[in-house]
Every structure is written in C-alpha cells, then in structure tokens.
Amino acid sequence: MSARFLTGVLAAALLLAGGSAAADKGRPGPSGLKLYAMDCGTYDIPNADAFADDGAYRGVAKRLVIPCYLIRHPKGDLVWDTGVPQTLADLPGGKGPGGLTVLHKLTDQLKQLGLVPDDIRYLSVSHSHFDHIGNAGLFAHSTWIVDADERAFAFRPGQRANKIEFGAYSALETAKTILIEGDASHDVFGDGSVTIIQAPGHTPGHTVLLVRLPKAGPVLLTGDLWHIAESRAARRVPRFNTDRAQTLKSMDLVEKIAAETHARVVREHVPEDFTSLPKFPAALN
C-alpha cells in the first residue's frame, strides 16, 4: 500500500471522526444546500469489454449516462463534472461519434436556474477523462479545485497532443486553482457539508464527492469508481485504469465511508442511479 493511499485513509478516518453520532448519521449541511443532477448525455457502448478486466462484459452492450452536477450552497455554487462537449447537441439528433448523444446543453440547463458559467464559484471534476471534463473550459473564471496529480495527468504532453479533448479544458491551465496536495480531503465550503475525497486508481488523482444534504442526508457521487451497476458488488476494475491495486483500495475506502455515514451511493454512469435523483430542474435537498 502506497504512502499516498495511507494518507488518504487517514484523511477519511479524520473526516468520519466527528463523534459516533456524526459518523453514523452524517452531519447535515446548511438548509440552503441543494444538489441538481443535469443530463449531459448518454454513451452507447456495443462492447463493454474494456470496463472489466475479468472479461465479464466481453461482447455485452451497455448504455451509460453522462451526468453533470450542480451543488448550490449559501456560500456559492460548485459544478461537479461537466460531461462531453455540449456542442454535440448542435448535431442532427445530438448524435456524436462513438455512440455519444447529447440532447441538452449544460449552459441551457444552468440558464433554467438563472445561471451562466461565470456565476459558478467553484469547479471540480472527479477526473480528467473526456466525459467528465468536456465542458470545463467554460468555467475558466471559476476557481478550479483539483488533485495535484490529476492536474499533472490532465496536462501531460501526450494529452496536449489530443487537440480536441485538450482544447475542451485547456483554458483551466491559467484559471485560479486550489490544488489538493497529497491525499487530504478538501472541505469545499469550510463547514463539512461538501467534501472532495481522494479515490485514485481510475486515474492518478480520481476523486469522489460527499454532499451532506439537510433533508436527504449524505450522498456520495462516485465518479468512475464503478461505471456499470454490477461492477460495484463484483469489484470489477476497467482495463484502462491507471492502477488496479489502488482502484481496489479506493473501492474499500469509499465503501467504508458509505457504511459509516449511511450515504446514498450514486454510481455516476448507471442509468437507474441517475433517474432515481430528482429530474432537473428539481433538486435533492
């Protein structure tokens, strides 16, 4: 087990150590805290073999949802994950390459709440894959909260050469940035209600988000820890993860947090998890 991951385990333990009642029930966030789930596309995969290195999905077709999230807090707004480029919605039927479909632009959905990208105080993404960071450049005036290893991964030379994907978020290179160093969890608003937790392995700086809603209770947005519903119970690891052992340790860490906080776990790409959330523009609070 790496020193980096051990630090993450310690940080999570400290996060949960606010007394037994807090650990069991979760500390509720402020009354104005709300979570909005926005439809940022779907991804039809004819052969999902790459999403499990044990061959479980070989030849199996899957549809994944691509969500974006808005967390509204009395101290400001956080956009978490930004989907694939919203310009795909301008194509006939919103049909893009590789099985991608985008019917609703992220900016149009924000507009329904009277918001434009420049109104967003904070931006963060679970990781820098194209379906999570594809509209991030629109939020270059926000403060970007990012794991230091993930930032380096996003701006590595090989990724810079991918002009289309890199161009979607290259504006963040000069954005105001809060770097999460080491593996400490990051308390976004300083009151324990919205916490970015390190869960590396899918990418070097992959993170999950714990939101402690005042009525609905704790919710864990788990990024790409599990793409497919069955992968959680089976502990399946995609072939393209950067570190298999680290992924499994991150799964253990997130399961521990979920159990101790009684959090609702949202597997971000799983259709039934997405549709179980209030349909935008309604919010979970």
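## Strand pairing and the sheet

In this predicted model, Ile71 has Leu78 of strand E3 as its bridge partner. Strand E3 covers residues 76-80 and runs antiparallel to E2, to which 5 bridges join it. Strands of a sheet pair through backbone hydrogen bonds, either parallel or antiparallel.

The wider arrangement is an open sheet of 7 strands with mixed pairing, in the order E4-E1-E2-E3-E5-E6-E7. Strand E4 (100-101) and strand E7 (177-180) stand at the edges, and because each has a single partner strand, one side of each is left without a neighbour in the sheet.

## The loop between E1 and E2

Strand E1 (34-45) and strand E2 (62-73) are linked by a loop that holds Pro46, a residue that is exposed, with a relative accessible area of 68%. When its neighbours within four places in sequence are left aside, Pro46 is in contact with Gly59, Val60 and Ala61. From Pro46 to Ser185 the separation is 139 residues in sequence and 37 Å in space, taken from C-alpha to C-alpha.

## Salt bridges

A search of the whole structure finds 13 salt bridges. One of them joins Asp49 and Arg239, whose closest N and O atoms are 3.0 Å apart. Asp49 lies in the loop between E1 and E2, whereas Arg239 lies in the loop between helix H8 (229-234) and H9, so this pair ties together parts that are 190 residues apart in sequence. Asp49 is buried at 16% relative accessibility, while Arg239, at 39%, counts as partly exposed.

A salt bridge also forms between Asp77 and Arg72, with 2.9 Å between the closest N and O atoms; Asp77 is buried, with a relative accessible area of 7%, and Arg72 is partly exposed, with a value of 24%. In the salt bridge of Arg232 with Glu255, the closest N and O atoms are 2.8 Å apart. Because Arg232 lies in helix H8 and Glu255 in helix H9, this pair ties together parts that are 23 residues apart in sequence. Both residues are described as partly exposed, Arg232 with a relative accessible area of 25% and Glu255 with 27%. Through salt bridges that share partners, Asp49, Arg58 and Arg239 are joined into one network.

## The largest pocket

The largest pocket has a volume of about 270 Å³, and its lining consists of Ala37, Asp39, His104, Gln109, Gln112, Phe274, Thr275, Leu277, Pro278, Lys279 and Phe280. The elements that give two or more residues to this lining are E1 and helix H10 (271-275). By residue class, the lining divides into 5 nonpolar, 4 polar and 2 charged residues.

## Backbone exceptions

Most residues other than glycine have a negative phi, and most peptide bonds are trans. Phe280, which belongs to the lining of the largest pocket, is joined to Pro281 by a cis peptide bond with omega near 15°, and Pro281 is found in the segment after H10.

Asp81, a residue other than glycine, has a positive phi near 70°. Asp81 lies in the loop between E3 and E4 and counts as buried because its relative accessible area is 0%, and buried means under 20%. His262 likewise is not a glycine and has a positive phi, of about 60°; its place is in the loop between helix H9 (244-261) and strand E12 (264-266). At 55% relative accessibility, His262 counts as exposed, so the two positive-phi residues fall into opposite classes, Asp81 being buried and His262 exposed.

Key: Residues numbered from 1 in each chain as written. Predicted model: local features only at pLDDT ≥ 70, side-chain atom pairs only at ≥ 80, totals over all residues. Heavy atoms only, no water. Helix = DSSP H or I, 4+ residues; strand = E, 2+ residues; numbered from the N terminus. Buried < 20%, exposed > 50% of the residue type's maximum accessible area, 1.4 Å probe, protein only. Contact = heavy atoms within 4.5 Å. Pairing = 2+ DSSP bridges. 1 Å grid on protein atoms, 1.4 Å probe; cavity = no way out; pocket = protein on both sides within 12 Å on 5 of 7 lines; lining within 4 Å. Points joined across faces, edges and corners; volume = space filled by probe spheres on them. Nonpolar A, V, L, I, M, F, W, Y, C, P; charged D, E, K, R; others polar. Salt bridge = Lys/Arg side-chain N within 4 Å of Asp/Glu carboxyl O.
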